[in-house]
Amino acid sequence: MATTTQQAPTNVVQIHKAQSKGESLWYDAWKRLRRNRFALIGAVIILLNVIMAVFAPQIAPQDFRKQDLLLNNATPRWVLNIFPSMVASDEGGYVTVSNKFILGADNLGRDLFSRIVYGSRVSLLVAFVGATVSVLIGVPFGLLSGYLGGRVDNGMMRFVDLMYAFPALLFIILLMSFFRASFVGQNATGITKTLSDIDAASGGMIFIFIGIGLTSWMRIARLTRGQTLATREAEYITAARSMGTTTPTIIYQHILPNILGPIIVTATLTIPVYISFEAFLSFIGLGVNPPTPSWGAMISEGAANIRSFPNQAVFPALALFLVMFAFNFLGDGLRDALDPRMRGVD
Amino acid sequence: MEGVSVPLHNCLIRKIDQMLAFVLRRSMWMLVVLFAVSIVTFFLLRAVPGGPFNTERGLPPGVLENLEAKYGLDDPPLIQYVNYIVDITIPRLTDGSFRRSFSEDYLINIDLPFGDERALRWMNFGPSLRQRSRTVNSIFQDNLPISIELGFAALAVALAIGIPLGVIAALKRNSWFDYSSMGVAILGVSVPTIVLAPILQWIFGVELKILPVSGWGSPEQAIMPSFALGFAQSALIARLTRASLLQIMHEDYIRTARAKGLSERVVVAKHALKNAMIPVVTILGPLAAALLTGTFVTEVIFGIPGMGKFFVQSITNRDYTVVMGTVLMYAVFLVLANLLVDITYAWIDPRIRYD
Amino acid sequence: MSKFTRLIGLGLIVILALGFVSGVGAQDDVTRLVVGHNQGVGDLSNLDPSLADGVDAVDVIDEAFVALARMNELEVIPEPGMATWTVSDDGTVYTFDIRDDVPWVRYNADTGEVEQVLDEDGNVRMVTAADFEFGIKRSLDPQLAATYSGILAPWFSGGLEFFQSGDADEATRQELLDNIGVVATGEFTLELTTPNASSVVPSIFSMWGTVAQPSWVIEEFGDFWVEPENINTYGPYAVKEWVHDESITLIANPFWPGQDNIPQPSIDEIVFQFLDPTVQLANFEAGSMDYIDVPAGADVDRVLADPNLSQFYTTSEGVCNYYYAFNDTIPPFDDPRAVRAFSLTIPREAIVENVTKAGEVPAGFFTIPSIVAAPQVEDFPDLAIHTDPELGAQIWQEYLADTGHEASDFNGLTLLFNTSERHSAIAQVIQQAWLENLGVEVQLTNQDFGTYLQVRGEFPIYRAGWCFDYPDTNNFLGDNFHSVFGGTDIPWENADFDALIEQALIETDPAVRAELYAQAERILIWDDATVAPIYWTTSDSMLNDRFVRPGVSRIERDYFEKWTVAS
């Protein structure tokens, strides 16, 4: 007993140290991140993308849904020069040349560039909603599981196993069939009606979100749990507990800040997965409702004609690549900056 | 010597014991998971609109009732479910007069040495409701091996691209090499198969005519699809290799090896790489599962008769039995992959106990 | 570079090298036609003549089995198939004289040869009248529950009664079975009795559900009888191999005796591959496919502009229509004026010229113009529908004024289509046209095919299409919209319409029939206005010039035994 009381004060000091060290840790991380050029480029690209999505109406030169059927698949001259396989109609080929469109027009004569600009809204929303949902569900789940330990932990982790094995794609397809079909005749009621309305208002994105939410949180939950388990036994936590600090406070004030780094890294690095999931859903016809543009939908439509009009798939794919590239490098940069195991490597 | 080896030996035995108990416990849990997945899938399928017998022409009166009666779909859902589970789980003894039929086609058939022409038959997943000359078992037998081949070929490609890129990136950290290797890896993960696959077909199939555009069976037919599928996963491997190798390169024993005057090449190849591969090995399980389940797009574009398309198309067709069979099979893969990871972790890292 | 890396690099090079080597070899002197046309992605839907309901399957079944009559693919009239026939004076009894020299065959995988099927006594099994009787009755059997039973049943005396007896006891069932007007009166003589003395009847006897079937195989193997190791056939080609979800291979049947319209085949093997049209085109350009579907939309432009590819391209009149159906229980479509306004403002010409691009024809009627007794737009220009946005807007304004609605009240009306790029593009064009001309912003939603079929009847607007089963206008107007035997999801009935359909069915003069059908069309597309025809399809394909066909088929399917290798 005597030893415990003796130890407590030193631990308090340690906590203070840990906290002040924590602040400098974030500062250090920021310094490290700033030195990483590629991570910064990533951050700038993401920022530009956000600006593009927010100010889409100002940036897009044309209305994204305005069709000019006579100029279907029209392509500007410079695009023909990069894709030698495309031959202009005045040279005996099949491509209508028109410089009215910066990157060309799609099969209904709509401006590709404007659609890419508007399409960034869907991709970014998917990215942020995916990351947010996975963190909001995964972190509390993992914290509780890891902190409480024992049977609760075991039970919660087995539930994660179950969710891993659960066929999420099946669930999404069935959800979409159910809600989109029961919109019918305006006679749906209650939650069905509400969800259908949200789906309609969001251009069909709500179920993509639900799908991503359902499948994405387990990884974060596992990670958080592992980190919590490791942190739980640390001396300063034991000390805080012995001083009568309540469980929520311990979790919130002492454990969470210490494990946030790896969580942020993982959340950032998983974002590209959500973006490509949207593209996959578009490929199987479960993406956003037309005419709302999304990069995934544009890519899968363009891919069908990729031989004839490569620009229609390549440009949105390029946009997708840039954003995924940005998130990847930002994530890697964050990892190098934040991950404690990587510290001291320089 | 004796005194040292005995406790070590005991320790190993205890560890193996623990592991066996762990595997047993988790296998029991796997059954629970499969059971839960089957219930949810079964009733979800029946809750949404659409049925297996919809056709564009619409069915004349009476036909639908006949079809549902033929497949037992006119029973209450609970009875249907119980029948389904019984057909799968309860083994049957049959005699010589047994004949494989549409409603009785077993995955596991074991001839028994006693009695006359007796056999133990187990796991009847039922007939396909859409393809009326195939059972779920025949789909497993014809299409699953192809998906597994494709999955492993893609895994090989992912490793072949990912590991070298990761090693180069780690060794030349923060150099031009690092960024371009990671750039290539990210290119892999961000160019959707939907775009990559037709471009490959165009270049190698149509323009250069050195690879067949589509199909499955010969080695050269496997090259493009396994690349299209594996390239995306190589990014994950590259990143993991890089991180893991970076960490290892700063461990004490590597410093020691360096201090001993070994060349950098030997240090990396002999000491660092081996240990750096451990985290990579642990993700092979889930990766293989992901490659196995993520083959839909590749299969459609390259015309490969694998399982991937059943997962999407059978849902679209409301082919209840095929959906159930596919979902259960994938669930087994996923659960096994996770179990494998947990075992590997615990085996490698003694601090983690099997509990 | 580590050793490991080098090893893998080396491995890849070896694999590539192997690819070159094996790609160069493998040439045999078998002539092989590789077909993607009509197949699409996914396995052949069925090979059982009684169960088949898709053109992919029928294309194969046509080669393996021959019906009593055979629809001429160029002139679209029924010709003698396995039999010639005489008709009784009242037109209800058909007596078929079946060829007596056609044996049942199977492919022997061990020898690689097609061989004749022997019975228990070692004699060659010939195709007999009893096999036809068995086949037809099997197709009508309610216990088999085939989707096409309903189309066949009304054309055989006692067929409907049997078909509707799904819950009858065994004795009743047997009695009904015996009462069907299908009787083998001799070994090679079959007598068919029909309740409808109509000119359509011979076309029915050319349908795939009426072919001879091997009762002994079906009894032995049950549902697996169509698998290549079990199946027995007798047509010009036999089934060699069926790699599920990839391809099915047919091999020339040397025992098919041949006749003028169904000669002995000259191409050795036909391989049907199940691929997406885009992939088919890539294969065609790579030289690994010979006869393909052309992907919709943009690729057509490239193919037509390419001096090399364009010479292989043909397009011809198709066998389907494409239309939108309106639900007359949901406002505003409970008022025909609203549907007329929506129908008049669909930009039909713009859609076929700029979106579908394969030479489709803007539809003036629901019925495609190429079949028997179809009303032609030039004969009845005032009865057909035409695109006229001004008139549409005017009618719409009248409707709004009368009912006191604002156009924006109808924003959010949902248009349903089954998932496909083509349907989506067309729907977006129409959505835009309605917004510009009527001020209504409909919402688009797509569903997978299964759900779409189940729920489409509840949606305010849905897209649909219809392809002929037999080339008569009754198959479009009667089989779809007659209040008793029609089968669409549109909850619409009209006694005048029914009367016109019934009258046209028994009328024999094609000109009079066309006129009756034109009046029925008017009720359907204008007076009551429940559907809006959009276009009539074309059938476009590309064929390698290594092969020669007698002409472009007008029934969507092909008879490959008539094709030859270019000399």
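A salt bridge here is a side-chain nitrogen of Lys or Arg within 4 Å of a carboxyl oxygen of Asp or Glu. By that rule the structure holds 34 salt bridges over all chains. This is a predicted model, where local features need pLDDT of at least 70, side-chain atom pairs count only at pLDDT 80 or more, and totals for chains, interfaces and linings use all residues. Residues are numbered from 1 along each chain as its sequence is written, chains are lettered from A and ligands numbered from 1 in the order in which they are written, and side-chain values use heavy atoms, with hydrogens and water left out.

**View 1. Chain B against chain A, with 46 residues from each chain in contact.** Contact just means heavy atoms within 4.5 Å. About 4,300 Å² is buried between chain B and chain A, and carbon and sulfur atoms give 75% of that. (Buried area is the accessible area, 1.4 Å probe, that two parts lose on being put together, summed over both.) Look for Y179(B), I194(B) and W202(B): they supply 15% of the area that chain B buries against chain A, more than any other three residues. The rule finds zero salt bridges across this interface, and the polar contact count is one residue pair, both at pLDDT 80 or more. (A polar contact is a pair of N or O atoms within 3.5 Å; within protein, one must be able to donate a hydrogen and the other to accept it, and residues adjacent in sequence count only if both atoms are side-chain atoms.)

**View 2. What chain B brings to chain A: elements including α1 (2-47), α7 (219-248) and α12 (320-348) of chain B, each giving two or more residues.** The largest share of this side, 10 residues, comes from α1(B). Sorted by type, the side of chain B that touches chain A has 33 nonpolar, six polar and seven charged residues. (Ala, Val, Leu, Ile, Met, Phe, Trp, Tyr, Cys and Pro count as nonpolar, Asp, Glu, Lys and Arg as charged, and the others, Gly among them, as polar.) Helices (H or I, at least four residues) and strands (E, at least two) are DSSP runs, numbered from the N terminus.

**View 3. Chain B against chain C, where the contact takes 52 residues from chain B and 59 residues from chain C.** The buried area is about 4,600 Å², with 59% from carbon and sulfur atoms. The rule finds two salt bridges across this interface; one of them pairs the side chains of R134(B) and D43(C) at 3.9 Å, N to O. There are also five residue pairs in polar contact, both residues at pLDDT 80 or more. Elements that each supply at least two residues on the chain B side include α2 (63-70), α4 (136-171) and α9 (264-293), and α4(B) has the largest share, five residues. That side of chain B divides into 20 nonpolar, 18 polar and 14 charged residues.

**View 4. The C320(C)–C467(C) disulfide, with sulfur atoms 2.0 Å apart.** A disulfide is a pair of cysteine sulfur atoms within 2.5 Å, and the count comes to one over all chains. The S-S torsion is about 95°, so the disulfide is right-handed. C320(C) sits in strand β14 (residues 313-326) and C467(C) in strand β18 (residues 461-467) of chain C, so the pair ties together parts 147 residues apart in sequence. C320(C) is buried at 12% relative accessible area, while C467(C) is partly exposed at 28%. (Buried means under 20% relative accessible area, exposed over 50%, partly exposed in between; 1.4 Å probe, protein chains only.)

**View 5. A salt bridge between loops: K562(C) and E73(C), 2.9 Å, N to O.** K562(C) lies in the loop between β20 (547-548) and β21 (564-565) of chain C, and E73(C) in the loop between β2 (69-71) and β3 (78-80) of chain C, so the pair ties together parts 489 residues apart in sequence. K562(C) counts as partly exposed at 21%; E73(C), at 3%, is buried.

**View 6. A salt bridge in chain A: E91(A) and R77(A), 3.5 Å, N to O.** E91(A) is in the loop between α4 (77-82) and α5 (112-148) of chain A, and R77(A) is in helix α4 of chain A, 14 residues apart. E91(A) is exposed at 54%, and R77(A) is partly exposed at 33%.

**View 7. R302(C) and D299(C), a salt bridge with the closest N and O atoms 3.8 Å apart.** Both lie in helix α10 (residues 298-305) of chain C, three residues apart, about one turn of the helix. R302(C) and D299(C) are both buried. Salt bridges that share partners join R307(A), E285(C), D299(C) and R302(C) into one network.
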